[in-house]
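Please open the model in your viewer and keep the selection tool at hand. The stops below tell you what to select next and what can be found there.

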Amino acid sequence: TQSTWVLTLPKDFGTIFVGETFRSYINLHNHSSETLKNLHVRVELHTPNHCVSLLDSAHLPSFLPKSNKAYTLDCSLTEPGPHTLSCIVQPSEEEHKTLRKSFKFPVQPPLSVKKVKIYTLQGHVFVSLELQNMMPTPLSMESVALVPDPSYALTDHSVVEDVPLLMVEEVRRFLFELVPRKRELPKPGARNLLGKVEIRWTTSFGEPGYLATGMIEQIEKTRQDVEIVACLPDDLTVHTPFPLTLTLHNNTKHPLDLCLHLSARMHPLVFNGPTELTVGMCPAGGTVTTQVVLFALEPGLHHLSGVEVRESGSGKVHSANDLCSVFVKH
């Protein structure tokens with residue numbers, strides 16, 4: 001008599017998303033008329049990058065004819081892509097073959113974390129990001145939190161919505177402020193770990209979900225020949241002019257005759273005055289300071305860019321595309 005075992009899963013059990021829990025009911029059935037001895041059952045979940053053991057110590061010393069043995073297994077899904085559930089039954093008798101069954105299913109990303117931007121303002125680091133619902137149903141957002149590195153203190157500037165539902169393909173923005181606990185200047189090119197974002201939600205069927213990003217890091221820029229350091233007042237309000245102090249650092253070994261060019265296309269930040277300024281001679285390894293006046297047309301966190309320093313002699317241009325961030329109140 002030939003012994004066989006049957007392992008079954010539905011052909012289509014819907015779409016599974018990262019952050020959800022995959023649960024499987026595996027039933028082992030002895031179709032034969034003989035008792036099988038010392039069966040070893042192993043179940044593995046193969047993801048795009050890992051192999052997760054779900055069951056490895058199941059041992060059946062005696063498996064009676066026409067009997068069943070069931071296992072309920074679950075695993076949190078942490079990465080998108082094709083997944084394979086592999087079920088392996090190994091009998092001790094040589095006349096029985098090892099049974100292998102594989103069940104493939106895709107795992108989709110439920111949320112898209114997009115446009116993660118990092119800005120520094122007066123020693124504080126601001127992290128802004130956009131979150132989009134990629135699922136076919138609305139999500140009840142339980143929490144979206146930035147878990148900071150221990151070297152930072154956190155302030156959450158995100159707007160709390162009255163309705164926690166994140167509709168299909170809806171995009172929601174979040175803003176976090178990190179304050180260093182120690183005043184230490186990072187070295188150029190050094191990695192600065194800021195923290196990770198943890199997201200918790202509940203689907204329309206009450207299924208909880210959890211997703212965490214990798215560590216968000218800020219890489220300090222390599223020192224340039226001419227660097228621009230901006231200094232702003234602490235409290236800025238909309239439609240009120242404020243001074244912007246610019247300190248130009250000459251990191252070369254020879255003096256430079258510098259001039260400043262300010263872009264007129266910086267909405268919602270506007271310069272109040274001329275956009276071409278003569279700074280003058282900056283000694284080798286020294287600094288020179290100038291001041292301009294701006295005002296903001298809208299409240300919020302804005303990014304100051306479009307500032308260029310030109311060498312009068314050679315015409316070489318030093319750009320500061322992301323000079324600093326400007327936080328403007330109502």
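Select His-239 to begin, and show the surface around it: with a relative accessible area of 56%, His-239 is exposed, because that share is over 50%. The residue is found in the loop between β17 (226-231) and β18 (242-250), and its phi is near 65 degrees, which is a positive value in a residue other than glycine. Bear in mind throughout the tour that this is a predicted model.

Now move to Glu-169, which sits in the loop between β12 (165-166) and β13 (171-180). Its phi, near 65 degrees, is also a positive value in a residue that is not glycine, and Glu-169 counts as exposed, at 58% relative accessibility.

Zoom out next and colour the whole protein by secondary structure, where you will find 26 strands and zero helices. Of the 330 residues of the protein, 40% count as buried, while the accessible surface comes to about 18500 Å², with 52% of this area belonging to carbon and sulfur atoms. If you display contacts between residues at least 6 apart in sequence, 68% of them join residues at least 24 apart.

For the interior, select Val-43, Leu-85, Leu-111, Met-141, Ile-199 and Trp-201, which are the residues with the most contacts inside the largest nonpolar core, a set of 47 residues. Strand β3 (residues 36-46) gives the largest share of this core, namely five residues. Keep Val-43 selected and ask which residues it touches, leaving aside those up to four places away in sequence. Among them are Ile-26, Val-52, Leu-54, Leu-55 and Leu-73, together with Leu-85, Ser-86 and Cys-87. Another core lies apart from the largest one, and it has 31 residues, including Phe-271, Val-279, Leu-304 and Leu-323.

Turn then to the aromatic rings, for which a search of the whole structure finds two pairs. Select Phe-22 and Phe-105, whose ring centres are 4.7 Å apart and whose planes stand at 15 degrees, so that the pair is stacked. Phe-22 belongs to strand β2 (residues 21-29) and Phe-105 to strand β7 (residues 99-108), and the pair links distant parts of the chain, 83 residues apart. Both Phe-22 and Phe-105 are buried.

The other pair to select is Phe-126 with Phe-327, which is likewise stacked, at 6.2 Å centre to centre and with 25 degrees between the planes. Here the partners are 201 residues apart, with Phe-126 in strand β9 (residues 124-133) and Phe-327 in strand β26 (residues 324-328). Is each of these two rings' residues buried or partly exposed, and at what relative accessibility? Phe-126 counts as buried, at 4% relative accessibility, whereas Phe-327 is partly exposed, with a relative accessible area of 27%.

Finish with an open sheet of four strands, which you can select in the order β21-β19-β24-β25 and whose pairing is antiparallel. At its edges are β21 (276-282) and β25 (317-320), each of which pairs on one side only. On average, and with direction ignored, neighbouring strands of this sheet are turned by 20 degrees against each other. As a last close-up, look at strand β19 (residues 256-262), which is joined by six bridges to β21, the two running antiparallel, and find Cys-259, which stands opposite Thr-278 in β21.

Note on methods: Residues numbered from 1 in each chain as written. Predicted model: local features only at pLDDT ≥ 70, side-chain atom pairs only at ≥ 80, totals over all residues. Heavy atoms only, no water. Buried < 20%, exposed > 50% of the residue type's maximum accessible area, 1.4 Å probe, protein only. Contact = heavy atoms within 4.5 Å. Areas by Shrake-Rupley, 256 points an atom, 1.4 Å probe, with all protein chains shown as cover. Pairing = 2+ DSSP bridges. Axes fitted to C-alpha atoms, helices over the stretch in contact; angles between N-to-C directions. Phe/Tyr/Trp six-rings, centres within 6.5 Å; stacked < 30°, edge-to-face > 60°. Core = buried A, V, L, I, M, F, W, Y, C linked by side-chain atoms within 4.5 Å.
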